[in-house]
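User: I'd like to go through the labels on this one and see what each rests on. Could you set the values against the definitions for me?
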Amino acid sequence: MVILTKKNKFYRQLLECVFFLYITIMIFACQQVGGTIDHPDYFDPILKHADSLSLHAEKGSPIKFIDSVYNNYPNAGIGDLYKKYDFKRNYFYDKDYAIAMVYVDSVLLILKKHSKEKAYKKLYENAILKKGDILQAEKRYPEAFQYYYQAKQICEKSGDSLFVSDYLGQLGMVCYKEKKYLEAASYFKKCVHILRNADNRDFSIFASVQSNTDNIALSYDRANMYDSAFRYYSLALAYIRNNESNFSNDSSNRRYIGTAKGVVYGNLAYAHYRQEDYTTAEALLKESISINIQPGYENTDAQFMQLRLATLYIKMNRLDECREILEQVKSFTNSHLQPDRDLRLRLLKMQERYYDKLNKPDSAYKYLKAYTNIKDSLDTKNQAAHEVDVNNELENVARQHEIIALKSDDHLKSILLVIFSLFLASVITIAFLIWKNWNRSKQNLQLVAVQNERLTVALRAVEDRDQENAALLKVIVHDLKNPVGNISAIAGLLLEDKNAAPLDKSMYRMIQTASGQAFEIINQLLESKNKGELKDLRTELTDIPELLTECIDLLQFKALKKKQRIKVGKFPPGIAMLDRDKIWQLFTNLIDNAIKFSPDKSVISIHTKRDSDTYTIMVKDKGIGIPDNLKDKVFEMHTEAGRTGTAGEKSFGLGLSISRKIVEIHKGKLWFESEPGKETIFYIELPCLPVTEVVPVNA
């Protein structure tokens, strides 16, 4: 019994130790994860109060208030910390992008380990989008695109259509700020398309659709496509009218809708102003001002519209009305302790223009000088203040990062130990291999000498064929530029979307055609055995007008980049036995040359005529022409007649040589007429089947 008692006592002590160890582990674990519990009921009112301080208190006081609260609440959860850093990011967003970037990086660091959890998944996605916003504001567009696409891919998996629409809208804003207005319009259209079946009674859906519709119109407006712009402005206003009754019970929603109308009217007015429809522009500007001048609305936007109306009055020489508006805007800025900086500067600029119109150079110079001095001084002050703030905020965030890093210190040590062990094993292995190879090096000297001799012979053979390979490479590069150029022109519009619109599908087919033709050209060139020769013909029954129209449509995008217009006549019917790929290459080369050597905003004319057994195509441009001393050389292979295009496009001097060979093997003719500095006309004459001849049908 004594032995049994001792054993029982031993087991009881062991059980107590295990239980004590379990309690210790649980306490430690609770301390580690205690910070994952969020406290929205406590922090949300505090953040709302801090937001109100941003409007009335001295500079920096909201940040000091937030820090004091969080410093006295050590167990803030992940969501609580997100709200803190996101508040600071938003506070500094329009003040200093560098500090805002520090805080959004802090949010990403905090949420990274929890990005898959349901409670924090959307917060993490929001943080990715907001970092993209800051990069966009800093004009670091390539990096911004990476974050937008990353966030978009995450959201597509979640199926949140509103979130995907927001990401596409940000991509559109990047394109808009880079003045790629047509690409921007495409992204904004996709935003509206994604939300087409969403619930319009959801105010966030309503706001997104109306704002992106207005953005589509604004993009077309800036691209000088006024018909499309007016259509989408009308659609934006119609959408607001048809759905605003769903939100009439909420005063803040009513103010937002009114403000949205005012913004659309202002944008629409500017479009009419650019078309010199001053009467309509004036009426729309007054309507926009009457909406946003009301208390609680976007009063600052109303002042900007007033300045735009003043610009109109100067244009119409209605200087008394212009003066009244300038006095109203001046009164508005004087009544605010911190008026909008851009509004103040634009007012000074308008005052300078007003007095210049009155032929009062002294007064005009006074306002111009004030404009320049205030702008420079504000920039200097802001820069100095922000540099100090960045250092302080970086130190604060660094301390937060140190706290987070300490929590995972044990795990990091284990990883470092594994890494060190692998590194040590690698060093030992490398040392052994070096020693082994050194022992064998003497035996390998003779083998190396033999290999060097063989390599020398091979290099000589390579040198003998270097010139031929270089010529072939030039041909490949030259013939790649047209299809790849067209692919690049529409690649921004290509997106894997099962619900793609018919217009998008048409573009996909054009891309597929261009890339197929490009690879066919490469294959033909690689299979050629002799330098400068073309592969045997593979003729088929070809509709010449259809093939010519296809090439014109494909190159329209390239012409649009130089604001050129391709003018075509009515093509008579014509059927011929041709190698479709080579004739496609011929047409593309000649039309591309017309685009390349024509100035911006010029017209390229393409006409055809049909005889009994020939079909003639004429490509005419108003470009730089061909000098007399080069007219005999343009059809030579590797000629020095290649010149730079009007927009700096490179030329390899190969296209016309290849084009003539294509025509000759089809038993046709290629010639040109050119007047240097005025115009050039290329003529292509191809044999075709007579109208009365029976067309063979493929089995």
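**Labels and their cut-offs**

User: Why is Thr-333 called buried?

Analyst: Its relative accessible area is 8%. Buried means under 20%, exposed means over 50%, and partly exposed is what lies in between, with a 1.4 Å probe and only protein chains counted. So Thr-333 gets the buried label. One caveat up front: this is a predicted model, where local features need pLDDT of at least 70 and side-chain atom pairs count only at pLDDT 80 or more, while totals for chains, interfaces and linings use all residues. Residues are numbered from 1 along each chain as its sequence is written, and side-chain values use heavy atoms, with hydrogens and water left out.

User: Where does Thr-333 sit, and what makes its link to Lys-330 a polar contact?

Analyst: Thr-333 belongs to helix H15, residues 319-334. Helices here are DSSP runs of H or I with at least four residues, numbered from the N terminus. A polar atom of the Thr-333 side chain lies 2.8 Å from the backbone oxygen of Lys-330. A polar contact is a pair of N or O atoms within 3.5 Å; within protein, one must be able to donate a hydrogen and the other to accept it, and residues adjacent in sequence count only if both atoms are side-chain atoms. The 2.8 Å pair therefore falls inside that limit.

User: How do you know that H9 has the span expected of a helix?

Analyst: The expected span is 1.5 Å times one less than the number of residues. For the 14 residues of H9 that gives 20 Å, and the end C-alpha atoms are 20 Å apart, so the two agree. Helix H4 (residues 78-93) has 16 residues and reaches 22 Å, close to the 22 Å expected. H4 is also mostly covered, with 13 of its 16 residues buried.

User: Why is Ile-194 called partly exposed, and what does it touch?

Analyst: Ile-194 is in H9 (residues 181-194), and its relative accessible area of 27% puts it in the partly exposed class. The buried residues of H9 include Tyr-181, Phe-188 and Cys-191. Not counting residues up to four places away in sequence, Ile-194 touches Ser-161, Val-164 and Leu-168, where contact means heavy atoms within 4.5 Å. Its C-alpha is 8.9 Å from that of Asn-499, 305 residues apart along the chain.

User: And why does Thr-259 count as buried?

Analyst: At 14% relative accessible area, Thr-259 is buried. This residue of helix H12 (residues 251-274) is in contact with Ile-291, Asn-292, Tyr-297 and Glu-298, leaving aside neighbours within four places in sequence.

User: What makes the phi of Asn-224 and of Asn-359 worth a look?

Analyst: Most residues other than glycine have a negative phi. Asn-224 has a positive phi of about 65°, and Asn-359 has one of about 60°. Asn-224 lies in the loop between helices H10 (203-222) and H11 (226-243); Asn-359 is in the loop between H16 (341-357) and H17 (361-407).

User: Which exposure class does each of them get?

Analyst: Asn-224, at 42%, is partly exposed. Asn-359 is exposed, with 67%.

Methods. Helices (H or I, at least four residues) and strands (E, at least two) are DSSP runs, numbered from the N terminus.
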